[in-house]
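Student: Could you take me on a close look at the ligand site in this one? I'd like the contacts, and then whatever backbone and cysteine details you'd check before setting up a calculation.

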Amino acid sequence: MHQLVINGPCQLKGETWVSGSKNSALPILAATLLCEKGTIVHGIPHLKDVTSMISLLSTLGMVYSIDDKLSLTVEKSNVTLLSPPSDLVKSMRASILILGPMVSRFGEVTIDMPGGCAIGARPINLHLDMMSKMGASVVMMDDKVHVSAPKLTGAIINFEKQTVTGTENAIMAAVCAEGKTVLNNVAKEPEVSDLCDFLRKCGAKITGDGTESITIDGVDCLGSCEHRIVPDRIEAGTLLIAAAMTKGTIKVNDCEPMHLQSVFKLLEQAGASLDIKDKTVAIDMTGDLKPVSITTEVYPGVPTDLQAQFMAMNAVANGQSLIEETIFENRFKHVGELKRMGADISLQGNKATIEGVEKLKGCVVKATDLRASAALILAALCAEGESVLESIHHIDRGYSNIEEKLSALGASIRRHPNYMVL
Ligand code: EPU
């Protein structure tokens, strides 16, 4: 098992760049089940979750090639298996994204129930209800579910709660369904719009993405297209927060500022000055670091996927802040680890009160989930002395080349197999 060894404190300086979005790449890869061979997707991020999705789709029968510039080509778009192996499905919750396209194009799928994970119960009831409303039969079998329909039919679906992958599954189910589908109370995240852009290029008729309601007119089948994945707004946000908390000056290239408005507002409140140009954000944090109180919300609100990183920042800011997590019921696993580093945080249900401390101290900490690991790396960049981050497979699920990117900005961070703490 590898660890990340980080020696702090440091002040980040220099230029870096952002990879393609994990949460766009995953649904778009699932959507390749719907389109013809010849489709090319550029900017695929080199991440564990993406590799797992490609393995899962390849096991079903899809054939891909990927070049050294991380452009993926669909070589064969067909399946020979209608029930993906449990170990692959269970390695990643996003595997539920094959539900819509598999039933739409191949008439059925049997898939493991994803179950709970470190950040919450994460049920799939909204995905299954939506499939039923489109005419599919949904049969539960122990810990699997079999969903089938000779032909899905358009429907009006009012989501009782906004769900990102639920909205994406519904869109993929509806693009080749019989007739019109109207999806209300949908997720407005940029990754949903990126999926819609991809599907439109393949011939789908979708309007309204980015708003509360999406309308889809079913077409017979989809063709092929060429598409570039949008930049990862969570990676960009993580790098900007890292710069703010280390009192650094960095330039983040290849990002999409339009998707980062709530993050910019908070960084400016924290005292950072930002210079935003086209696809580049420069941040300069030379003064006092002020704490920011946040409530996580669906897009365009503050993303839950940056809650842990903002908490790490507040842990070293000058004053008190409050963080409220409203999306997932158990997304505070990083609190205990940040406290081991000297952070002063108290928890009351889904709210955390943070009293900024002057210094954190390096120690051995354990990553519990993807964004918690990012927060611990950020804290370690500010902490005095050596920090050792264990269970780093979590970070590899969502950040490509994290130690290379941070090293290039001046951090002392390296990956070790079986590092011994003396
Ligand atoms: N929910 C239900 N029933 C459902 C689906 C969702 O009750 O059938 C609830 C969830 O339990 C949660 C809320 O609805 O309380 C919102 O969850 P959502 O479905 O939007 O989450 P998701 O689609 O499973 C995606 C991202 C997550 C990100 C969330 C929220 C992907 C692959 N994953 O998850 O990303 O946190 O949206 O923005 O797009 C990450 O990248 O670290 C990550 C966890």
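Tutor: Here's the ligand site, followed by a walk through strands, unusual backbone spots and cysteines. Keep in mind that this is a predicted model.

Start with the shell around the ligand. It's made of 22 residues, and the closest are N125, T163, T165, D305 and I327. Sorted by class, the shell holds nine nonpolar, seven polar and six charged residues. Four helices each supply at least two of the shell residues: helix 1 (22-31), helix 5 (125-133), helix 6 (164-174) and helix 12 (370-382). Helix 5 gives the largest share, three residues.

Now for the polar contacts. The side chain of T163 places an N or O atom 2.7 Å from an oxygen atom of the ligand. With L126 the backbone does the work: one of its N or O atoms lies 2.8 Å from a ligand oxygen. R331 comes in through its side chain, where an N or O atom is 3.3 Å from an oxygen atom of the ligand. As for cover, the ligand has 830 Å² of accessible area on its own, and the protein covers 89% of that.

Next, the strands. Strand 22 (residues 385-390) has two partners worth tracing. Strand 1 pairs with strand 22 in the antiparallel sense, over five bridges, and in that pairing L4 has L389 as its bridge partner. Strand 21 (residues 364-366) runs parallel to strand 22, with three bridges joining them. There, V365 is bridged to L389. So if you want one residue to center your view on, L389 is a handy pick, given its bridges to L4 and to V365. As a general matter, side chains in a regular strand alternate between the two faces of the sheet.

There's a hairpin to look at as well. Strand 7 (residues 137-141) and strand 8 (residues 144-148) run antiparallel and are joined by five bridges. S137 stands opposite S148 of strand 8. The hairpin formed by strand 7 and strand 8 has two residues between them, and D142 in the turn shows a positive phi of about 50°.

That brings us to the backbone oddities. Most residues other than glycine have a negative phi, and most peptide bonds are trans. Against that background, N185 has a positive phi of about 55° without being a glycine. N185 sits in the loop between strand 10 (180-184) and helix 7 (190-201), and it's partly exposed, with a relative accessible area of 24%. D254 is another non-glycine residue with positive phi, here near 60°. Its loop runs between strand 14 (249-253) and helix 9 (261-269). D254 counts as partly exposed too, at 43% relative accessibility.

Then the cis peptides. One joins G8 and P9, with omega about -5°. P9 lies in the loop between strand 1 (2-8) and strand 2 (13-17). A second cis bond leads from Y299 to P300, where omega is near 10°. You'll find P300 in the loop between strand 17 (294-295) and helix 10 (307-315).

Follow that loop into helix 10 and you reach a mostly covered element: nine of its nine residues are buried. The buried residues include Q307, Q309 and N314 alongside F310, M311 and M313.

Last, the cysteines. How many disulfides are there? The count comes to zero. A disulfide is a covalent bond between the sulfur atoms of two cysteines. For C10, the closest cysteine sulfur belongs to C382 and is 7.2 Å away, so the pair is too far apart for a bond; the cut-off used here is 2.5 Å. C176 is in no disulfide either, with the nearest cysteine sulfur, in C221, at 6.7 Å. Are these two cysteines buried or exposed? C10 is buried, with a relative accessible area of 15%, and C176 is buried as well, at 9%.

To set up your view, begin at T163 and its 2.7 Å contact with a ligand oxygen, and move on to the L126 backbone contact at 2.8 Å. After that, check the cis bonds at G8 and P9 and at Y299 and P300.

Conventions:
Residues are numbered from 1 along each chain as its sequence is written. This is a predicted model: local features need pLDDT of at least 70, side-chain atom pairs count only at pLDDT 80 or more; totals for chains, interfaces and linings use all residues. Side-chain values use heavy atoms; hydrogens and water are left out. A residue is near a molecule or strand if one of its heavy atoms lies within 4 Å of it. A polar contact is a pair of N or O atoms within 3.5 Å; within protein, one must be able to donate a hydrogen and the other to accept it, and residues adjacent in sequence count only if both atoms are side-chain atoms. Accessible areas come from the Shrake-Rupley method with a 1.4 Å probe; for residues, only the protein chains shown count as cover. Ala, Val, Leu, Ile, Met, Phe, Trp, Tyr, Cys and Pro count as nonpolar, Asp, Glu, Lys and Arg as charged, and the others, Gly among them, as polar. Two strands pair if DSSP finds at least two bridges between them. Buried means under 20% relative accessible area, exposed over 50%, partly exposed in between (1.4 Å probe, protein chains only).
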